[in-house]
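This report walks through a few parts of one protein model, taking aromatic rings, helix packing and some buried residues in turn. Please keep the sequence and the 3D view open while reading.

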Amino acid sequence: MKEKTMHGKVFKHLRLERGYKLKDVAGDVVSVQTLRRFEADETSISIAVLEKLLENLGVDYIDYMLALKSSIKDSGSVILTEAYQLLREGNPSAVLTLATRKLKEENITLKERLSIARITQGIKPGVVPEIIKENNRFLLKHFQSVDKLSYEEQLALNTMFGFGKVDDISIEYIRRVISENLNFKPGVEMLDQITIVTTFYTLLSSISYLSRCGYYEEAQERCYEAINLLKTIGNVVPALNKIFYIRFYGVLILIKLRLNDVEGVELANKLFREIDASIALYDDPMDKYVRDEYMTKFYRENKTGVEFDF
């Protein structure tokens with residue numbers, strides 16, 4: 001890791017947020033002194049060491065990279081911080097009030113609009129004010145007018161893909177997003193790793209949305225292309241491979257099950273053997289969460305008449 005700035009501070013924030021002591025996270029990976037210096041951004045560590053420390057912390061590499069990118073404060077992130085606090089307090093209506101008030105301001109920035117889109121997508125559509133829906137339409141029009149989306153724009157778009165209803169976004173634009181991201185050429189620097197995360201998340205969300213719209217065969221083909229692209233980053237960020245392979249194969253299995261293809265059952269059995277082996281070896285809570293998530297989805301979609309082995 002060539003850059004020292006903020007890496008350690010972000011790691012420390014995640015550690016304290018989860019209530020871990022330095023010695024618990026350092027384990028036999030590094031000394032407590034080295035970890036303390038890293039958290040103070042006084043020294044750097046290799047990516048391989050960071051991956052082991054994140055494993056001890058129970059945080060996957062993707063979440064760390066996103067936390068690192070989001071550590072830069074601006075007006076948009078201030079809105080997110082306030083909104084997330086309201087959600088933690090169980091007050092989604094206050095989030096809508098906050099978003100509505102901000103959207104009525106004449107000098108609202110694009111980053112503020114993007115943050116509002118991200119934080120309001122998961123709230124039940126029946127209670128979302130029209131001004132927030134109009135913000136989504138404004139952003140979609142903006143996205144389609146630019147050649148390349150920024151990091152913040154991709155995050156907002158991914159959220160729209162994840163929570164949007166069928167036909168909210170045009171099929172033509174979905175295809176454009178998928179094609180652009182499949183042409184991604186990964187680099188090796190830390191900033192490129194952040195780009196890798198957002199690129200593959202965008203592919204996941206857009207291909208999933210394409211499938212939800214009923215374009216199963218096309219989504220299946222694109223999913224295979226994304227998996228092939230994923231193979232090219234193996235030497236760049238090994239930690240990402242496992243996470244994204246599981247996610248892309250999860251999407252592929254769902255597509256095959258929707259096509260009533262028994263290969264979906266076979267792939268699901270194989271994927272679960274991999275996940276179960278990882279759980280037995282590492283006891284990773286994230287693996288357990290993913291297993292439960294996919295078990296529910298796979299059983300719901302399986303109409304092939306062939307039973308799973310799990």
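## Aromatic rings and helix packing

Both Tyr 294 and Phe 298 are buried. The model in which they are found is a predicted one, and the values below are computed from its atoms. Tyr 294 and Phe 298 are four residues apart in helix α16, which places them about one helical turn from each other.

A pair of aromatic rings is described by two quantities, the distance of the centres and the angle of the planes. In the whole structure, a search finds 14 aromatic pairs. One of them joins Phe 272 and Phe 310, whose rings are stacked, with 3.8 Å from centre to centre and 10 degrees between the planes. Because Phe 272 lies in helix α15 (residues 263-282) and Phe 310 in the segment after α16 (285-301), this pair ties together parts that are 38 residues apart in sequence. Phe 272 is itself buried, with a relative accessible area of 1%. The rings of Tyr 294 and Phe 298 also form a stacked pair, since their centres are 5.2 Å apart and their planes stand at 10 degrees, under the limit of 30 degrees that counts as stacked.

These residues also belong to a wider group, for ring pairs link Phe 272, Tyr 294, Phe 298, Tyr 299, Phe 308 and Phe 310 into a cluster. Elsewhere, a ring meets a charge: the charged end of Arg 113 sits over the ring of Phe 138, at 4.1 Å from its centre.

How do the helices that carry some of these rings lie against each other? The table sets out α15 and α16 beside a second pair, α1 and α4.

| Helix pair | Distance of the axes | Angle |
|---|---|---|
| α15 and α16 | 10 Å apart | about 160 degrees |
| α1 and α4 | within 11 Å | roughly 20 degrees |

With its angle of about 160 degrees, the pair of α15 and α16 is roughly antiparallel, and α15 passes α16 in a left-handed crossing. The contact is made by residues of both helices, including Leu 271, Phe 272 and Ile 275 of α15 and Val 290, Tyr 294 and Phe 298 of α16. Phe 272, Tyr 294 and Phe 298 are thus found among the residues of this contact as well as in the ring cluster.

Helix α1 covers residues 7-18 and helix α4 covers residues 47-57. Since their axes cross at roughly 20 degrees, which is under 35 degrees, α1 and α4 are roughly parallel to each other. The crossing of α1 and α4 is left-handed. Where they meet, Phe 11, Leu 14, Arg 15 and Arg 18 in α1 come up against Leu 50, Leu 53, Leu 54 and Leu 57 in α4.

## Two buried polar residues

Is Lys 256, which lies in helix α14 (residues 238-258), buried or exposed? Lys 256 is buried, because its relative accessible area is 3% and buried means under 20%. Leaving aside residues up to four places away in sequence, Lys 256 touches Gln 220, Tyr 224, Asp 261, Glu 263, Gly 264 and Leu 267. The C-alpha atoms of Lys 256 and Glu 217 are separated by 8.7 Å, although these residues are 39 residues apart along the chain.

Asn 158, found in helix α10 (residues 151-163), is buried too, with a relative accessible area of 13%. Again not counting residues up to four places away in sequence, Asn 158 touches Thr 198, Tyr 201, Thr 202 and Ser 205.

Terms used. Residues numbered from 1 in each chain as written. Predicted model: local features only at pLDDT ≥ 70, side-chain atom pairs only at ≥ 80, totals over all residues. Heavy atoms only, no water. Phe/Tyr/Trp six-rings, centres within 6.5 Å; stacked < 30°, edge-to-face > 60°. Buried < 20%, exposed > 50% of the residue type's maximum accessible area, 1.4 Å probe, protein only. Lys NZ or Arg CZ within 6 Å of the ring centre and 35° of its normal. Axes fitted to C-alpha atoms, helices over the stretch in contact; angles between N-to-C directions. Parallel < 35°, antiparallel > 145°, perpendicular 65-115°, else oblique. Left-handed = near helix turned anticlockwise from the far one by under 90°. Contact = heavy atoms within 4.5 Å.
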